[in-house]
Amino acid sequence: MSRVLFPNIAVYQQQWLDVGDGHQLYLEQSGNPNGIAVVYLHGGPGGGTSKDHRRYFDPDKYRIILFDQRGCGRSTPSPSVRQNTAAHLVADLELIRQHLSISYWLVTGGSWGTTLALLYGIQYPETVLGFILRGVFLGTTAEYDWLYGQDGAAVFFPEYYREFTEQLIDVKADNIVQGYYDVLTGSNEIAVIAASKAWCLWELRLSTIEHHPIDIHHIEDSHQALCMAKISSHYFVNKCFIEEGLILASIEKIKAIPAIILHGRYDMVCQLGNADQLVQKWPNAQLQILPKAGHSGFESQTIDGFCKATDTMANFIAERRELD
């Protein structure tokens with residue numbers, strides 16, 4: 001039987017955590033305060049959390065922790081790329097764990113959230129009970145080329161790619177990402193708004209095989225679009241501040257940690273082959289290919305797979321604690 005999201009739940013604590021550099025992170029907790037601690041890492045970079053992210057987890061079993069990464073969502077200032085790198089985000093995540101007095105937690109996320117989860121685990125493996133990762137992104141040149149180059153996803157969506165690149169007709173840049181970054185960090189506010197919506201529309205159109213058609217009217221939240229576009233382009237022009245191939249080269253550090261990896265077969269944002277490469281190097285990781293899913297975290301098969309994975313992990317962690 002296919003699973004649906006758990007019912008809507010309210011948060012029991014909200015706060016803005018000072019992480020330095022002038023940044024305060026929006027941080028919330030819901031579910032069971034005495035349950036298994038789990039953190040969900042949102043995508044983007046710059047995507048922000050959603051109340052539906054709480055609903056992947058059984059609120060009776062889990063202490064559910066969500067936060068908006070620095071510079072986006074309800075964190076302040078927002079949008080902001082100041083002192084905003086992968087190393088900063090990993091440090092923020094560890095500060096959250098310490099602030100909440102959590103010894104060990106389940107680390108979960110989607111898309112860019114998988115990148116951050118893996119970087120965090122590689123640096124702090126002793127704190128991680130397990131991983132649930134959806135739509136793997138490893139931060140490699142091949143992945144940027146696939147998403148923004150002429151010979152990748154653009155081949156499957158030529159009309160959408162044409163719309164995406166038309167925003168840059170008057171911009172001189174060596175590549176699409178640099179061109180967008182130049183506009184998004186410029187002083188022309190009208191151009192910034194138009195570019196941010198076009199950036200988000202391109203990815204949104206690639207993200208789902210269930211929900212069509214998608215047009216500019218689906219980009220309703222201008223602030224969210226600006227956060228996503230500005231911060232994503234900031235990261236991508238800087239190769240996510242990750243050394244090429246770093247994650248796959250560092251899997252030895254987390255190979256003993258159990259992981260459930262979910263990936264849509266028709267994911268056009270993050271290719272399935274990246275998840276497969278990851279699992280080949282990670283003996284305790286299990287890859288579940290979703291046969292009729294794309295990249296979105298809220299397609300029916302993805303919801304089903306993620307909710308079942310959180311139940312599986314809850315049972316596994318409970319059994320392991322009993323043995324200990």
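Aromatic pairing comes to a count of 28 ring pairs in this predicted model. A pair of aromatic rings is described by how far apart the centres lie and by the angle of the planes. One of the pairs joins tyrosine 235 to phenylalanine 241, with 5.3 Å from centre to centre and 85° between the planes, an edge-to-face arrangement. The two partners make a nice contrast in their surroundings. Tyrosine 235 has 0% relative accessibility, so this residue counts as buried. Phenylalanine 241, with a relative accessible area of 33%, is partly exposed.

Ring pairs also build a cluster, and its members are Phe137, Tyr144, Tyr148, Tyr161, Phe164, Tyr180, Trp199, Trp202 and Phe236. Elsewhere, a charged side chain meets a ring: arginine 74 lies over the face of tyrosine 26, 3.8 Å from the ring centre.

Turning to the nonpolar interior, the largest core holds 83 residues, and the members that touch the most others are Trp105, Phe131, Trp202 and Trp282. Helix H6, spanning residues 189–207, supplies the largest share of this core with eight residues. Trp202 is thus worth a second look, as this residue is listed in the ring cluster and also among the core members with the most contacts to other members. A second, separate core has 24 residues, among them Tyr56, Ile260, Phe306 and Ala309.

Phenylalanine 131 can be followed further through its contacts. With neighbours within four places in sequence set aside, phenylalanine 131 is in contact with Leu106, Val107, Ala117, Gly121, Ile254, Ile257, Pro258, Ala259, Ile260, Trp282 and Met313. One of these partners, Trp282, is listed with phenylalanine 131 among the residues touching the most other members of the largest core, while another, Ile260, belongs to the second core.

How values were computed:
Residues are numbered from 1 along each chain as its sequence is written. This is a predicted model: local features need pLDDT of at least 70, side-chain atom pairs count only at pLDDT 80 or more; totals for chains, interfaces and linings use all residues. Side-chain values use heavy atoms; hydrogens and water are left out. Rings of Phe, Tyr and Trp (its six-membered ring) pair if their centres lie within 6.5 Å; planes under 30 degrees apart count as stacked, over 60 as edge-to-face and the rest as tilted. Buried means under 20% relative accessible area, exposed over 50%, partly exposed in between (1.4 Å probe, protein chains only). A charge sits over a ring if NZ of Lys or CZ of Arg is within 6 Å of the ring centre and within 35 degrees of the ring normal. A nonpolar core is a set of buried Ala, Val, Leu, Ile, Met, Phe, Trp, Tyr and Cys residues joined through side-chain atoms within 4.5 Å. Helices (H or I, at least four residues) and strands (E, at least two) are DSSP runs, numbered from the N terminus. Contact means heavy atoms within 4.5 Å.
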